[in-house]
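Biologist: I would like to go through the contact between two chains. Please justify each label as we go.

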Amino acid sequence: MTKKFTLLIALTAALSLTALTACKTNLAPGGAYNPSVTNSAGVVTSTPDIALYNADAAFKTAYDSLNLVFETEYKNRDYFWKLSPDIKHTLDKIRPEAQAAVNDYAAARTAYKANPPVVGLTGVNAVLAKIQQLLIAATSAVAQAGTPLTNGPPVTPNP
Amino acid sequence: MPVWLVTLIPQIIQGVQAAVKAAPQAIAVIDDIKKMFQSWFTKNWITVEQQNALNAWADSVVAMAKSGVFPDAWQVQPDPGIVTRVGAGWNPVSVPISAEPPPQAPKNKT
């Protein structure tokens, strides 16, 4: 189970890290990231924000992947504890940082939307890089624990 | 645009014109062809639904961050086998099940 779970997380992490480089480039008019505005003369103009869309999409992918790691460990805590207590301990170090990253992303995104030309996406992209690092760390914590298919179960001392 | 497609376009147009002349139902066929051509040029477009769904998700994350309430799986919780009991002063104390009682301080001999 852990091997398949690790492969799934690794694949999701790879997709998350490549999301920014393999993105579509055109936003259909009328969407939340390309709102259409009609002026008094009846001329319709749109202001696409593909950079924000790509950043949000990449953050969502990283968030969902990290949530998958946390949820799976949380729902199968006894199983992973028997594999290695270090899994939970490592994830417990990552959890507060992940919450902080989400808070920082919310603040950066709110600030950007209030004044995009001035604020820019530097803060948003910095937090995005942070949460992607946390995802890699969380995935490594599970992968290094080993499974009965690779390193075998933890060695128990003889009674 | 591929050469074979360029040579086919006149034939496609002729076929469409014939269909229009043949029956009113051809109008629906023409509409489908228009949508097909449009999809060729807009297949890389991010739809309105996709944009709105992602924006709604981002707004929900912002709301969650403002509330400070994260899912249980994101919270740090005691290790398995740890129980929480009421300690001195009605303050909850987390101790392992197998924890040995604290060593007793030596009594002063008087």
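Biologist: How many residue pairs are in polar contact across the interface of chain B and chain A?
Modeller: In this predicted model, the rule finds 14 such pairs, both residues at pLDDT 80 or more. On chain B's side, β1 (45-46) and α3 (48-67) each supply at least two of the residues that touch chain A. The largest share, 13 residues, comes from α3(B). That side of chain B divides into 17 nonpolar, eight polar and four charged residues.

Biologist: Why is the pair D79(B) and K88(A) called a salt bridge?
Modeller: The N to O distance between their side chains is 2.9 Å. The cut-off is 4 Å, from a Lys or Arg side-chain nitrogen to an Asp or Glu carboxyl oxygen, so the label applies. The rule finds two salt bridges across this interface.

Biologist: What makes β1 of chain A and β1(B) a strand pair?
Modeller: Two bridges join β1 (residues 26-27) of chain A to β1(B). At least two are required, so the strands pair. They run parallel. W45(B) is the bridge partner of N26(A).

Biologist: How many residues does each chain bring to the contact?
Modeller: Chain B gives 29 residues and chain A gives 40.

Biologist: What is the area buried between the chains, and what share do carbon and sulfur atoms give?
Modeller: About 3,200 Å² is buried, and carbon and sulfur atoms give 64% of that. The value is summed over both chains, so it is not one chain's loss alone. Of the area that chain B buries against chain A, I46(B), W57(B) and W74(B) supply 24%, more than any other three residues.

Note on methods. Residues numbered from 1 in each chain as written. Chains lettered and ligands numbered in written order. Predicted model: local features only at pLDDT ≥ 70, side-chain atom pairs only at ≥ 80, totals over all residues. Heavy atoms only, no water. Contact = heavy atoms within 4.5 Å. Buried area = accessible area lost by both parts, 1.4 Å probe. Polar contact = N/O pair within 3.5 Å; in protein donor to acceptor, adjacent residues only side chain to side chain. Helix = DSSP H or I, 4+ residues; strand = E, 2+ residues; numbered from the N terminus. Nonpolar A, V, L, I, M, F, W, Y, C, P; charged D, E, K, R; others polar.
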